[in-house]
Amino acid sequence: SVCGPGLVVMLADTDAGCLVTAAQTGSTWGYSLLWLQVVLVGVLYMAQELTARLGIYTGLGHGELIHKYYGRFWAWVSVATLVVACTGALVSEMSGVVGIGNLFGVPPAASACTAAAVLMTVVVSGKYRHVERVALAMGCCEFAYLLTMFLTFSPEGFARSVWRLEFHSGEYNFLLAANIGAVVMPWMLFYQQSAIVDKGLQKADLKFIRWDTLFGSVLTQVYGCACVNLTVQRLLFSSPLFIICSHT
């Protein structure tokens, strides 16, 4: 019962926007920004572990905590920025759903409406555990990234571009910043803290919450590395797996 909030929020972080950013990184700069995915494990864990402790020791969600200590104005400011961030995230999610639907010949309207209906069904269920179970079930599908990473990884290609650091390039630095922004999102702080409060977790559970958060932090960045690897092998080094698939 303790495990869940940290893993769910990390799996949700591997959304369409995050994966597209990782894919663009791999297609443009190869493995040269892969080190950033590793560094961001620590950044992600630090931010989410902090919000987990806030939930445990205060028993309040992120918005409630801001309201209690900083007043209604700053609480509304934080919620307003959260709404803006979530709106942008939903647009990117729907764009990703529509894009995948197009690959299988599904009309954009049908893809978007189906995704919206599933999302609303989960929301109106009214129980956090339902949301958690659905999220974990969908997150299991992402293990396909790990399989394809092992099937397509090329040590030679990795060695050719991993040390190519281009800090003098504006495009390189732009993608560096985009990767950071795609990993640490405001809604993640709100979600994990509220989920911990909703599940009624206590101080005795903190050790397990930290492990849950750490595992999720590592897993989501491994997925990011896998996405970088896929685009590198497909677009830059012509992995044999993709050549075989393209002729079948």
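A nonpolar surface patch here is made of residues with over 30% relative accessible area and no salt bridge, with nonpolar side chains joined within 5 Å. By that rule, Trp 35, Val 39, Val 43, Leu 165 and Phe 167 form a nonpolar patch on the surface of this predicted model. The protein chain has 13 helices and 0 strands, and 42% of its 248 residues are buried. Below is a friendly tour of the patch, the salt bridges, the pocket, the cavity and a few residues worth finding on screen.

**Overall fold**

- Reading from the N terminus, the order of elements is α-α-α-α-α-α-α-α-α-α-α-α-α, in keeping with the count of 13 helices and 0 strands.
- Helix H1 (5-13) is mostly covered, as 8 of its 9 residues are buried.
- The buried residues of H1 are Pro 5, Gly 6, Leu 7, Val 8, Val 9, Met 10, Leu 11 and Asp 13.

**The nonpolar surface patch**

- Together, Trp 35, Val 39, Val 43, Leu 165 and Phe 167 offer about 420 Å² of accessible area.
- To find one of these on screen, look for Val 39 in helix H3, which covers residues 34-58.
- Val 39 has a relative accessible area of 46%, so this residue counts as partly exposed.
- That 46% for Val 39 is over the 30% that a patch residue needs.

**The salt bridges around Glu 49**

- The structure holds 2 salt bridges, and both can be found by starting from Glu 49.
- One of them joins the side chains of Glu 49 and Arg 53, with an N to O distance of 2.8 Å.
- These two residues sit 4 residues apart in helix H3, which is about one turn of the helix.
- The other pairs Glu 49 with Arg 210, whose closest N and O atoms are 2.7 Å apart.
- This second pair links distant parts of the chain, as Arg 210 belongs to helix H12 (residues 206-236) and Glu 49 to helix H3, with their positions 161 residues apart in sequence.
- Through their shared partner, Glu 49, Arg 53 and Arg 210 are joined into one network.
- Glu 49 is buried, because its relative accessible area of 9% is under the 20% cut-off.
- Arg 53 has a relative accessibility of 31% and so counts as partly exposed.
- Arg 210 is also partly exposed, with a relative accessible area of 33%.

**A contact between far parts of the chain**

- Gln 48 is another residue to look for in helix H3.
- With a relative accessible area of 1%, Gln 48 is buried.
- The C-alpha atoms of Gln 48 and Thr 213 lie 7.0 Å from each other, although the two residues are 165 residues apart along the chain.

**The largest pocket**

- The largest pocket has a volume of about 2200 Å³.
- Its lining takes in 46 residues, and those nearest the centre of the pocket are Ala 12, Asp 15, Glu 93, Leu 119 and Met 138.
- Two or more lining residues come from each of helix H1 (5-13), H2, helix H5 (72-103), helix H6 (108-124), helix H7 (128-140) and helix H11 (186-199).
- H5 gives the most to this lining, with 11 residues.
- By residue type, the pocket lining divides into 36 nonpolar, 7 polar and 3 charged.

**The cavity**

- A search of the whole structure turns up 1 cavity of 30 Å³ or more, and the volume of this largest cavity is about 30 Å³.
- The residues lining the cavity are Cys 18, Thr 21, Ala 22, Gln 37, Asn 179, Ala 182 and Val 183.
- Helix H2 (16-29) and helix H10 (170-183) are the elements that give two or more residues to the cavity lining.
- The cavity lining holds 4 nonpolar and 3 polar residues, and no charged ones.
- Cys 18, one of the lining residues, lies in helix H2.
- Cys 18 counts as buried, because its relative accessibility of 9% falls under 20%.
- Cys 18 and Ala 89 are 71 residues apart in sequence, with a C-alpha to C-alpha distance of 9.9 Å.

Methods:
Residues are numbered from 1 along each chain as its sequence is written. This is a predicted model: local features need pLDDT of at least 70, side-chain atom pairs count only at pLDDT 80 or more; totals for chains, interfaces and linings use all residues. Side-chain values use heavy atoms; hydrogens and water are left out. On a 1 Å grid over the protein atoms alone, a cavity is a set of points where a 1.4 Å probe fits but cannot get out, and a pocket is an open set with protein on both sides within 12 Å along at least five of seven lines; lining residues have an atom within 4 Å of a point. Grid points are joined across faces, edges and corners, and a volume is the space filled by probe spheres set on the points. Ala, Val, Leu, Ile, Met, Phe, Trp, Tyr, Cys and Pro count as nonpolar, Asp, Glu, Lys and Arg as charged, and the others, Gly among them, as polar. Patches are made of residues with over 30% relative accessible area and no salt bridge: like charges are joined within 9 Å, nonpolar side chains (Val, Leu, Ile, Met, Phe, Trp, Tyr) within 5 Å. Accessible areas come from the Shrake-Rupley method with a 1.4 Å probe; for residues, only the protein chains shown count as cover. A salt bridge is a side-chain nitrogen of Lys or Arg within 4 Å of a carboxyl oxygen of Asp or Glu. Buried means under 20% relative accessible area, exposed over 50%, partly exposed in between (1.4 Å probe, protein chains only).
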